[in-house]
Amino acid sequence: MQPMIRQYEVDTDRYAKCVATSKRVRFDIDRDVIRGRSFDFTTRFLPDGLSKVDRLDFLTSDEQRLLSQIQGRTYANIFGLVERFIAAKVLEISSEHWLGDQNALEALVRFGDEEIKHQELFRRIERLCAEGMPPGYTFLLEPNAVASAVLSKSTWGVLALTCHIEIFVLAHYRESIGPDARVSELWKDVFLHHWREESQHAIVDEMEWRREDAKLSADERDQGVTDLIDLVGAVDGLLQTQAGADADYFLKVCGRALTEADSARVRAGVLAAYRWQYIVSGVREPRFSQILSSMITGDQMNRIGNALAPIMN
Ligand SMILES: [Fe+2]
Ligand SMILES: [Fe+2]
């Protein structure tokens, strides 16, 4: 039987628009974002909409703020980590445009360049966090090890995960970081500038994912769905590891001994917040689910839904 190959035409104007916007919003880490500042540790880093610290009502306001700073430090480190595999994948697939559409090629080259810069930005944030926080924080995940595991999966699966990530990044800034008045000014500026450059990434992700999808047979696409499910499961494993480390660190440095029950609520609260941040908030974004459902069958959508059910609840 002939595999069904869908037709896909490169939308050169849409890539060109991404290039033009990318040039207009481009930022320099020192000149535009950090501007010689350091963090104000009397403010929150991750807004309550993402950290969910307001649900832990047995914590004082100062303790909630500390937990939002710990989660914020991990938030920056997680982005630095995922951008390692995203940059590598984007540079890899750019080869398919080398001798083809030059607007698409430029959009992907700029995308890769921006992700390399963002990784440096997040390393700077980690250093600024370390200056003002008590010793003992550990980020347990190794970007190259994670990237090697992710990149061993099919391009369809990796682009699906990437599109998911870059769509929730936009939602996080728009709905939570931007509007929260209690969030540190420097923190807000970091994610405002990041959001501006990420807006083009989400558009390019969709175009590249659809272009990849159009090349696949039904069986290859089904393997892509399996890979996406495996990748989300692996992300959840990473989140469990880091949530445990961050909760331990908080309990050690928060300044008092919490009861066993409250300590358990902190652990559960941090894991639930990380699942919300890195999995659930993206899956719930209509923009992502619409792209995904337009490419796969109802059965495949159910397969993904069933795999996600234990995480979504
Ligand atoms: Fe980025
Ligand atoms: Fe990005």
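This text walks through an iron site and a residue beside it. The model is predicted.

Start at the iron ion (ligand 1). Which residues coordinate the iron ion (ligand 1)? They are Glu-83 (OE), Glu-115 (OE), His-118 (ND1), His-194 (NE2) and Glu-198 (OE), at 1.9 to 2.4 Å. Read along the chain, these donors follow the spacing E-x31-E-x2-H-x75-H-x3-E.

Now look at where two of the donors sit. Glu-83 lies in helix H4, residues 61–93, and His-118 lies in helix H5, residues 102–132. The pair therefore ties together parts that are 35 residues apart in sequence.

Are these two donors buried or exposed? Glu-83 has a relative accessible area of 2%, so Glu-83 is buried. His-118 is buried as well, with a relative accessible area of 0%. The cut-off for buried is under 20%.

Next, find the second metal. Glu-115 bridges the iron ion (ligand 1) and the iron ion (ligand 2). The two ions lie 3.4 Å apart.

Finally, turn to Phe-27. Its place is in the loop between helix H1 (12–25) and helix H2 (29–34). Phe-27 counts as buried, at 3% relative accessibility. What does Phe-27 touch, leaving out residues up to four places away in sequence? The list is Asp-32, Val-33, Lys-117, His-118, Leu-121, His-193, His-194 and Glu-197. Two names there are familiar: His-118 and His-194 also coordinate the iron ion (ligand 1). Sequence and space can also be set side by side here. Phe-27 and Glu-114 are 87 residues apart in sequence. In space, they are 9.3 Å apart, C-alpha to C-alpha.

Definitions and conventions:
Residues numbered from 1 in each chain as written. Chains lettered and ligands numbered in written order. Predicted model: local features only at pLDDT ≥ 70, side-chain atom pairs only at ≥ 80, totals over all residues. Heavy atoms only, no water. Donors = N, O, S within 2.8 Å, 3.2 Å for Na, K, Ca; no water. Helix = DSSP H or I, 4+ residues; strand = E, 2+ residues; numbered from the N terminus. Buried < 20%, exposed > 50% of the residue type's maximum accessible area, 1.4 Å probe, protein only. Contact = heavy atoms within 4.5 Å.
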